[in-house]
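Here's a quick tour of the charged contacts in this model, with a short stop at some aromatic rings. Have the structure open as you read.

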Amino acid sequence: ARVCGGGESGSDASARHQSATASGDEGRERTRQTQQLRRGPASLLCSSKRKGTMSYKRQQPRHGDGTETETSSAAGAAETIQVHLKNRVAANGSANGGGKEVANGNGHKEAVQDGSASKNGKKKSKFWNKFAGLVRSDVKSQWKDYDKTFTQANGEGITDKEHTTQKGVAAFYNLVTDIYEWGWGPSFHFSPMLKGKGVAESSVAHETRIADTLGLKPGTTVLDAGCGIGGPLVTIASHSGAKVVGITINAYQVERCKARATAAGLRLEQDFDVLQGDFLDLPFPDNSFDNVYSIEATCHSPSLEKAYGEIYRVLKPGGKFVNYEWVATPLFDRENADHVKCIDAINYANALPEMRHHSEIAQVARKVGFEVLEEMDLAANKNAGEWWGVLKAGMKRYKRNDLLVKILSFLRILPKNTKDVHKMLFRVLKTFIEGGELGIFSPMHMVVLQKQAQAVEE
């Protein structure tokens, strides 16, 4: 009794020991499964079949509705993953705290509860949270509509240009935002590679060039036309001290941008703001902003003249507009079938109604009233490295990502057509490289424009 402790009988102690051992085994098993979830899909797919856990099988029989039947001891794990994915908005919105509603990628409202779901989601699986926007979206119908809308050939662009802004571009960013952020980061743009600097430093330099060119400073307000999830917005607001107001056509990106900027320490409505809207019909009064910038965004517009006209309207007299445009360069030959095929492929995979020729940009700017202060192709800077070099260096990683998305789509952890979206984005990487090496495409044709000071309305 003394050995077993406290007058406890030997049989009781033995039972207690066995119970404790079983509990310990269960605890270790739960810990192992949680660690596998944290490590991501590789551990899910390569898990041992011992104890019947985490092995995945697919059977051929189908339900009457045509859906495949899945039998798996990992079903619980997959269900948990889906819950974490769908709770991503809560995870992203936790910086703002409290329960609220936010718009999802389809424009509907989703309830966001308190931070507890967010903390649990982050604690259990940060990886899976990356794709919640896709899980919420109607990927199948949006993909079919996108594919039909933006398929183009012979350098003629698309036929239904108005559809691109109303539905097409918004649907495009429902489909690609999570993938871009996962594989590319928060800044959805290319940059000249600075010698001796990395990708992140080159990206920041590309963004702060805008702030410095505009002369942004505390007390000024600048519009980011096509802000995405706010990578440049955060950089420019932090670098300059100016208030940055972002606008994006995609509701999901609004919430991502708010979450990112708030997490970076910027104050909503004081240091930045962001709203959903179309830069063909900006929801601001005339003469609202000291300056405006846009990074690889107005290329999505079905009418560059309308986009520039709206920016001119909301810009204060004397204010400047800096834009990085996607263009076909002087080396592009419309009679060269390979050139045309390359540009068509870039347009299709990036929701462009057409590719503008570099000579059109200044012409359109002058037509709506701007004075062209400066125009140059930053891709032609011989002192900087190739903007497409980052794609060449990362091809192995992007190929692994493509395989991973195929597996997750096959397992229905991601919506089935996610693999088609990612395949499109993966294939166009080689096309970007081709366009860069041929010198026929530039994603950084910079124009610096100014609204005339005498344009003040009496």
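Ten salt bridges turn up when the whole structure is searched; each is a side-chain nitrogen of Lys or Arg within 4 Å of a carboxyl oxygen of Asp or Glu. This is a predicted model, where local features need pLDDT of at least 70, side-chain atom pairs count only at pLDDT 80 or more, and totals for chains, interfaces and linings use all residues. Residues are numbered from 1 along each chain as its sequence is written, and side-chain values use heavy atoms, with hydrogens and water left out.

Here are three of the bridges:

| Salt bridge | Closest N and O atoms |
|---|---|
| Arg 260 with Glu 181 | 2.9 Å |
| Lys 367 with Glu 305 | 3.2 Å |
| Arg 313 with Glu 310 | 2.9 Å |

Arg 260 sits in helix H11 (residues 251–263) and Glu 181 in helix H8 (residues 161–183), so this bridge ties together parts that are 79 residues apart in sequence. Helices here are DSSP runs (H or I, at least four residues), numbered from the N terminus. Glu 181 is buried at 12% relative accessible area, while Arg 260 is partly exposed at 29%. Buried means under 20%, exposed over 50%, and partly exposed in between (1.4 Å probe, protein chains only). Glu 181 and Arg 260 also share a salt-bridge network with Arg 256.

Lys 367, in contrast, is exposed, at 60%, and its partner Glu 305 is partly exposed, at 36%. As for Arg 313 and Glu 310, both belong to helix H12, three residues apart, or about one turn of the helix.

On to the rings: both Phe 172 and Tyr 173 are buried, and so are both Phe 284 and Phe 289.

Notes
Helices (H or I, at least four residues) and strands (E, at least two) are DSSP runs, numbered from the N terminus.
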